[in-house]
Protein chains: 2
Amino acid sequence: MAVIGGGVIGLSCAWRAAADGWTVTVVDPAPRSGASWVAGGMLAPVTEAWPGEEDLLALGVESVARWPAFAAAVAEAAGQPVGLRADGTVVAATGSGDRDELDALAAHLARLERSVESLTGRALRRLEPAIGPDVRAGLSVPDDLAVDNRMLLAALVTAAEKTGIEFDARSADGVATEAGRVTGVRCAEGPDIAADVVLVCAGAHSAALHPALTGLVRPVKGEILRLARRPGAFPAPRRTVRALVDGRPMYAVPRDGDGLVVGATQAEQGFDTTVTVGGVRDLLRDAERVLPGVAEYALLEVAAGLRPGSPDNLPVIGALGPDGLLVATGHHRNGILLSPITADAVAALLRDEPVPEPVRAADPARFTHGEESPGARVDQR
Amino acid sequence: MAVIGGGVIGLSCAWRAAADGWTVTVVDPAPRSGASWVAGGMLAPVTEAWPGEEDLLALGVESVARWPAFAAAVAEAAGQPVGLRADGTVVAATGSGDRDELDALAAHLARLERSVESLTGRALRRLEPAIGPDVRAGLSVPDDLAVDNRMLLAALVTAAEKTGIEFDARSADGVATEAGRVTGVRCAEGPDIAADVVLVCAGAHSAALHPALTGLVRPVKGEILRLARRPGAFPAPRRTVRALVDGRPMYAVPRDGDGLVVGATQAEQGFDTTVTVGGVRDLLRDAERVLPGVAEYALLEVAAGLRPGSPDNLPVIGALGPDGLLVATGHHRNGILLSPITADAVAALLRDEPVPEPVRAADPARFTHGEESPGARVDQR
């Protein structure tokens, strides 16, 4: 089989498929780049759970439960760590509108019987002294995880190579088909890569690869900063800090060794990956408002990535179009979080078995509007 | 002769000396990097002219007068442009304290009979529509120039190579001497570079190269941003814009082709070139306050350099210590501006002729406190 896209979803699915006995080629001119490289690495489904997104919450909760085993398996296969942290998340609110939103989130999570604890600003600062006086209220979600996305990607590439996966560094132009069946991957240069099964994991670029994918994903730009504590600066928080600052969402994910990843803006501007003055200004301002000590931190990197947004914010995981065409994309802000369950779902599809229950909501058939829903008709090779 | 340091001062002096018949080696592991690379490229001595710095103003005015001929000569020798612009400078003030400072500067310049024009905020916006409504008053200095420092450095390296200058990519450790005479350059690796004359142009790193230089320069960190206008964003100013924003100096130097360089912070933190969150936040905030349209610009680069600060803010240009030791450093914020006159001064020293009159104030003898002032005893070779 061929996997188009060497981001976290493509690598996770490819590695799992190879472990199941498939001969896999990953097609990507720059594996482990793009949105996966730019990401923050929060594994925090509960605090992403806004009312109306219950299917996404179920998917995230199921995936985060699989994360410790997934991380251990990748680390073991690669012989190198993935940087998993289990320190939990706190959510911080500044203005009164932000506190109202936080209260609504807490009430919603209580109805869903999720374990969260409401805190005063003072109690929050006792947990995380880095949080500043402008924060008036918060939540604690002790079960959330976080991962160093770049360590994870490096480990996935190593694990993939050790499992015998081939990497083809050409740029995929589309999925080749003949008589209603997939025959391989068309490349910008050189011959097709022959394959009976093609899994499209090309993130925001997926929609252009086959007519059946048209409109299923669009690019949603996100800008992010990578900071590092300098000697003498206030220590970084131990937990992931999410915040609402005058209505703008902000997060700060600590890394082992004094790193702090601050994200993320959201903008729909097509395939533009320019880092803007306004985006960086907002992130710096909001980060300082919540964590004043970061003023003394080093600004190591500013970057932008393109999240693959789907029409309903749920990913698109399943079979569609010609026989042998599988897709796993549309993960929007949740690609790292959802990689274990996506890999499990793709492995099930490849075995003609049912996907994990929460992944059923991600079936691309939901967009086919009463047309015949394509089944998972793939043959092991 | 050997020149330690391939920044704008070292390259300018080396190129001029080679044109005068000297055999020159430039010693630098990374020519055209450091403060010269990070710089903004303002050639604006008049608006730098704070009361008490009349010697520096005279030096800058004399050097800016030499800039058009210098730029033309470098461009011709290199066969490539240096990016000189002759659109002038405007100075903008925001708060009332800033306007008071601006008035003091205008009065000072009037006493010195320098050509400046005081403007209301509205008149300033007629000249430069990019300037925002928070700017209440300003000055126009039509004679100021600006240069694309990176184009200049590239042209200087090409000109130097065409003139037969050798580049030694080793790291200079110090000036070798014997019996009160310079014998060459000691390197971190390999043999000395033999030379009867050594010119130290190592910027903030100069003080460590010979005991006679101890304490003459210290590193003054500056952070700077490189922006670019994106399609649809408000056009950049045509003139260099200097501003005082709540007491903080800010400048924005336009580049041909939609670029804009925004600087610069000042911090004395030793040899630390970390870009800080607080520094970038200040630059972005101040730039947006004066030029609101930059919010939509791309943030291409954040960088920090180390200016060579001298005890009195004047450069250190002359002979000192053992015979054959020359120095041209301590240019602080004015290295690009002062490169033509510094090159002329060094050429005069090499010919045993008097330096241009305004350079006399930069003689290192001013720091020798009554000890015998070393003359310019160098022999042509």
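In chain B of this predicted model, strand 13 (residues 198-200) and strand 20 (residues 325-329) run parallel to each other and are joined by 3 bridges. One of the pairings sets Leu199(B) of chain B opposite Leu326(B), its bridge partner in strand 20. Both strands belong to an open sheet of 6 strands, ordered 9-2-1-13-20-19 with mixed pairing. Strand 9 (166-168) and strand 19 (316-319) of chain B each have a single partner strand, so they form the edges, and one side of each has no neighbour in the sheet. From one strand to the next, the twist averages 20°. Helix 1 (residues 8-19) of chain B lies across strands 1, 2, 9, 13 and 20 of that chain, at about 165° to strand 1.

Turning to chain A, an unreviewed UniProt entry places the feature "domain: FAD dependent oxidoreductase" at residues 2-349. Over that range the chain is 31% helix and 29% strand, with 15 Å between the end C-alpha atoms.

The two chains meet in a contact that takes 20 residues from chain A and 20 residues from chain B. About 1600 Å² is buried between them, 59% of it on carbon and sulfur atoms. On the chain A side, Arg230(A), Val277(A) and Leu299(A) lose the most area, together 37% of what that side buries. The interface also holds 4 salt bridges; in one, between Arg281(A) and Glu288(B), the closest N and O atoms are 2.5 Å apart. Polar contacts link 12 residue pairs between the chains. Strand 14 (218-228), helix 7 (277-290) and strand 18 (298-309) of chain A each give two or more residues to the side that touches chain B, and helix 7 supplies the largest share, 6 residues.

Technical notes. Residues numbered from 1 in each chain as written. Chains lettered and ligands numbered in written order. Predicted model: local features only at pLDDT ≥ 70, side-chain atom pairs only at ≥ 80, totals over all residues. Heavy atoms only, no water. Pairing = 2+ DSSP bridges. Helix = DSSP H or I, 4+ residues; strand = E, 2+ residues; numbered from the N terminus. Axes fitted to C-alpha atoms, helices over the stretch in contact; angles between N-to-C directions. Contact = heavy atoms within 4.5 Å. UniProt positions renumbered as here; feature names shortened; annotations may be inferred. Buried area = accessible area lost by both parts, 1.4 Å probe. Salt bridge = Lys/Arg side-chain N within 4 Å of Asp/Glu carboxyl O. Polar contact = N/O pair within 3.5 Å; in protein donor to acceptor, adjacent residues only side chain to side chain.
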